[in-house]
Structures are given as structure tokens and as C-alpha cells.
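Before relying on labels such as buried, paired or exposed, a careful reader may want to see how each label follows from its cut-off. The questions below take them one at a time.

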Amino acid sequence: MPPRRTLVIPMHQESARIRDTLADLAQARELLGDIELVLVDDGSTDGTAAVAEEAMARHGFDGRVLRVDRNGGKGAAIAVGMRAAAGDSVAFTDADLAAAPDAIARCFAIVEAGEADVVVTSRHLPGSEVTVRQPLARRSSSAAFRKLSRWAGLGSVSDSQCGLKAFTNDAAAVLFRGLSVQRFAFDVEVLLRAELAGLRVVEVPIRWRHVDASSVRTMRDGARMVLDVVRLRGRLRGWTPHGDMPTAAVLEREHWWYVAGREAAFAAARRAGARGPAIDVECGTGALVEAAPREGFEPAAGTTTSAGGGRFATQRKLAVASAATTSLPHPDACVGTVFALDVLQRVDDAAALREAARVLAPAGVVVVTVPANPEAWTPYDTAFGHRRRYTPETLRERLRTAGFADVRVERFHAWLSPVSYVLARTPIGALLLRDPEKSSFVHLRINAVLRVVVEIERRVRARVSLPFGQALVASGRKPA
């Protein structure tokens, strides 16, 4: 059986040309092989997602269109798509299809032959052909950007900005998690991470044509890319590939954010009268599964699609979702409790909740945590691939629509509200963003102080319901 492939295409205001792009890909279906398309609509306001869904259905493509509520940038959109990719090899290309389908197929073939972990196409190698050239201003700015990247010591490839790259699925999971650069300079960060991780990077020539109506604005986006490059070397100093088990395990068990989320989830489960057996969806390294028996949820198991999952994880690559949530590897009505912490905001939440209802026994309980307050969107949301934040009303409505009764929603992380306001409303968030997951854990004293803060809030919440907070915990019961 030939290897499965996933092609990710980011879209922003692409309603005028995405039909033609998908028609061209449909004509090359035999060349592209067994391919899944993941199209990510990055906050478009021109109906791009609807047009893409109609064209996908007309041509009979396997795949889906993912919608991100607000524009986060090309890098952020591709990261969302990479998390959704089910293929053994994955690639991304621009919606204008400046790289022809035969080039896409060649990149997949190099990865599948085991010749590279990362394939980078370049317009500057011998054998490359540019059939339609960019305007002079774009060519000049691109040349200046390449020189700046080299001067800053950020990678050694000749053309980091060419819009077609391919990866093994495992390499993509490592390179796209928690990107600190979400817009057009994200390629530089991805390639530098590949270098730091010791991955095999291969450059190949390409036949490339410039397409008008690009979303890149030379002056505005060029200035932003320069700033990103200047900051990037410092941000990645000391970076190690995600999935490193000792680091990931320590973070998940000790970091104040994860500790608070688990405690809020267990408290909500107890109030709802939840019982075992239990499963934790997207369990990471298994911290919740490890703690569940002490909280009365036994037996407990976890499932994850993440590279480097822990010994509690059911390692399984699933074909339908960015997390294991829309196709859980469990039979119907088999568990008493489903935990899904910080999952719904990344996936198709309606499908995820329906799947939770499927595996729950009658009167079983689902417990979820999500970020609150859509107006408090910060660079951290974009870096982690969030597609939305929730209000208590929208989360309650999602649970009820999925068929859950006795829905209860509470806020927590009240102390974070002023901090999030500063990060969302001022440039401080962009300036401080490094590795979001580790940023407040680098100094153990800071983490220790925040652990005390969340413990104080937990005790307060045990007595009173807080009217504000930057996260929500909710429970719902499957009807008997």
C-alpha cells in the first residue's frame, strides 16, 4: 500500500482563486497519489472557506477545511494544518499553486524514500526555472531578507521563503509546535529548528512561477519579517525538539498551568458525580492518567497523536483529526468519564464532543477545559494553534448541542485576567513570546510562586464562584 500523503494549503481571502487551485490539483490526482488535503482558512472574510468546501466536494477530495476564527498569519495557519495532518509525509504549498503539482509529488517522493526529514524547494539552485518573475520590489526585498537571515546566522538554505516544503510526519510535529513567528518569516524558524534538531534537510531545485494577487505587502510585511529575524536567534537559544520526554514530562507534571487545569478538571468531575473507567483525550505524557486513580478514576487510560507520547498513551495515528478527538480508538459506551483538557479550541469542537458522547456509557460525564474570553486573544493562542476562545455561553451551547445535559461551566485562572489584558492589548506579548510552554517555567522560583497563586485561587473557588477568569472548566452528562 503506498504511503499516505497530506498537503496543507493556508488560505486568506482566497475565494477568487481557490477553485482553480483545487481544479488543477484534481487534474493531477494520479500524479499526487493517495493524498489528503487540509485547507486552513486563516480568518478570511470573503467566504473562502465555503468556496473551498464546495470545490473539495465537487472534485471528491479526501480531506477537510479548517476554520480559524481570526487571522493569525501564514505560519500559524500552516501549523494548524500540520497538527491535523494524518499522512506519513506532509507538505505545504501556497494557495496560488506557484509550485506545480509535479514538484509537490517530487517532494513527497524524496521524503518517502527516506532521503530527507525536510525537503526545501529553492528558486536559486542550478536547475531551477522561474517562468514568471516577481516584480522588482519583491525580488529586491527577498534578496535583502536572504542576506539578513544569513548575517543573523539563521540557517544555511539558499531560499527559505519558497512556498513549498515537505516533511516526515514526525518532523512536522517537532518543528511546528509552539512557533514564535506566525507570519511570513516562520519558514526561517522552522528551518533553524530543523538544524538544531539534527534533522536531514535537503534542498531541491524547482520550476516556479510568480502569481499576482499575493497577500504579501512588501513594505509592511517586509518590516515585520526583519523584526522577526532580529528576535529569532535569541528566542531559539537553548531550544530542544518538542517531544523530548524528560522535559515534556516535567513540564506537564510541574508547570503551574497544567497543575491548575488538572485540579479544576478533577474538581468539576467530582461535582458532577463522575466515575471510572476514564480516558484522557490528547493525554501528552500521561500526567492526568497517572493522577486519576488517586482521584477515584480507575482504571484510566489515555490516547494521543503527539510524537513522543508517554507510557500511558495509546500511540495511534488517526486519519480524521488534528487531535484524537474526532475518531477515538475506543468502542461505544465503554467509559464513565472523558477528560479533554485544552483540546476543543484546536479542533472541530462539535465533532469532538459528539465523539466523547459516543464512547461514554449512559450517565457518563465529559469534563473539558478551554481558554476563555475571545477578546483576550494573545500571541500565545496563535503559537499553540488555537482556533477560538470561548465564553461560558458558547461552551455551554456546544455541550448541549452535542446532547449533554446537566451542563455546568465555571471560570478559573482569574488572576491571569490583568496579565492577559496587557499581553493582548499592548506590544508586550509579541516582545516576550519565546517558547510559550516554557516561558514561565525557565526560572523554578517563578513557577513555584505561580503554583502558590493557583493553589490560593483553587481554595477560593471551592467556596465561591468567580465572575471572571481566563479559562473555563465545564462538565456535562450523557443522558441515561
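Q: Why is asparagine 373 called buried or exposed, whichever applies?
A: Asparagine 373 has a relative accessible area of 10%, and buried means under 20%, exposed over 50% and partly exposed in between, with a 1.4 Å probe and protein chains only, so asparagine 373 counts as buried. This is a predicted model, in which local features need pLDDT of at least 70 and side-chain atom pairs count only at pLDDT 80 or more, while totals for chains, interfaces and linings use all residues. Residues are numbered from 1 along each chain as its sequence is written, and side-chain values use heavy atoms, leaving out hydrogens and water.

Q: What is notable about the phi of asparagine 373, and where is the residue found?
A: Although asparagine 373 is not a glycine, its phi is positive, at about 70°, and the residue sits in the loop between β14 (360–371) and α14 (379–383). Helices (H or I, at least four residues) and strands (E, at least two) are DSSP runs, numbered from the N terminus.

Q: Why does histidine 413 count as buried?
A: Its relative accessibility is 1%, which is to be set against the limit of under 20% for buried, and therefore histidine 413 is placed in the buried class. Histidine 413 also has a positive phi, about 60°, without being a glycine, and it lies in the loop between β15 (405–412) and α16 (417–425).

Q: What makes isoleucine 456 exposed?
A: The relative accessible area of isoleucine 456 is 52%, and because exposed means over 50%, the residue falls in that class. Isoleucine 456 lies in helix α18 (residues 444–461).

Q: How do you know that β10 and strand β11 are paired?
A: Two strands pair if DSSP finds at least two bridges between them; β10 and β11 (residues 300–304) have 4 bridges in the parallel sense, so the criterion is met. Within β11, alanine 300 is the bridge partner of alanine 278.

Q: How many bridges join β10 to strand β13, and which residue there is the partner of alanine 278?
A: β10 is joined to β13 (residues 335–341) by 3 bridges, and the two strands run parallel; the partner of alanine 278 in β13 is threonine 337. As for the side chains of β10 (residues 278–281), Ala278 and Asp280 point one way and Ile279 and Val281 the other way, all of them being buried.

Q: Which peptide bonds before proline are cis, and what are their omega values?
A: Among them is the bond from glycine 276 to proline 277, with omega near -10°, and proline 277 is placed in the loop between α11 (256–271) and β10. Another cis peptide bond joins glutamate 298 and proline 299, with omega about 0°, where proline 299 belongs to the loop between α12 (287–291) and β11.

Q: What makes β3 and β8 the edge strands of the open sheet?
A: The sheet has 7 strands in the order β3-β2-β1-β4-β7-β5-β8, with mixed pairing, and its edge strands, β3 (62–68) and β8 (201–205), each pair on one side only.

Q: How do you know that β1 and β2 are paired?
A: Strand β1 (residues 5–11) is joined to strand β2 (residues 35–42) by 7 bridges, in parallel, and because at least two are needed, the two strands count as paired. Proline 10 stands opposite valine 40 in β2.
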